[in-house]
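Hi everyone, thanks for coming. Today I'd like to walk you through some charged side chains, so please have a look at the picture first.

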Amino acid sequence: SPERLAALQQEVMRLEKEVARVEEEARQQRQASNVAGDALREAGSMAGARLEASEREALRSAKEAAERAGEVERLSRKTASLEEELRKGDIRAEEQSKRLREQELRIDMERHKSLLKAQHAVQ
């Protein structure tokens, strides 16, 4: 019947509009999803770059710390070496002082002997 045909045509047109609306919503959602995906990729890229910069800074700091530790170790060895030299110098100075005292005692004894001989010769 013509009424039924008209009703079916209206239903088809309504369904076509509904399909077009759903397709437009899907297109807009895909577009929004793509924009969000791009933003996430960009944020990930920026975070990666910041992480790489942080890692480079951490490596640089670790290298500097290692260099300072090496410098401290080198200075520590140098200090120990100088302390050993000072200790040896102190020992040598002590030995030389002892020899000088012994020499002064011998000189005093020789002088005393000479005085005694002179006294005996005078008597």
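Let me go through the salt bridges in this model.

A word on where the values come from: this is a predicted model, where local features need pLDDT of at least 70, side-chain atom pairs count only at pLDDT 80 or more, and totals for chains, interfaces and linings use all residues. Residues are numbered from 1 along each chain as its sequence is written, and side-chain values use heavy atoms, leaving out hydrogens and water.

How many salt bridges are there? With a salt bridge defined as a side-chain nitrogen of Lys or Arg within 4 Å of a carboxyl oxygen of Asp or Glu, the count comes to 12.

Let's start with Arg-27 and Glu-24, whose side chains form a salt bridge at 2.5 Å, N to O. They sit three residues apart in helix H1 (residues 2-122), so about one helical turn separates them. Helices here are DSSP runs of H or I with at least four residues, numbered from the N terminus.

Are these two buried or exposed? Arg-27 is partly exposed at 38% relative accessibility, and Glu-24 is partly exposed at 33%. Buried would be under 20% relative accessible area and exposed over 50%, with partly exposed in between (1.4 Å probe, protein chains only).

Next, Glu-84 pairs with Arg-87, with the closest N and O atoms 2.5 Å apart. Both lie in helix H1, three residues apart.

Glu-73 and Arg-77 also form a salt bridge, at 3.4 Å, and they are four residues apart in helix H1.

Finally, look for Glu-18, Arg-21 and Glu-25, which salt bridges link into a network.

Conventions:
Helix = DSSP H or I, 4+ residues; strand = E, 2+ residues; numbered from the N terminus.
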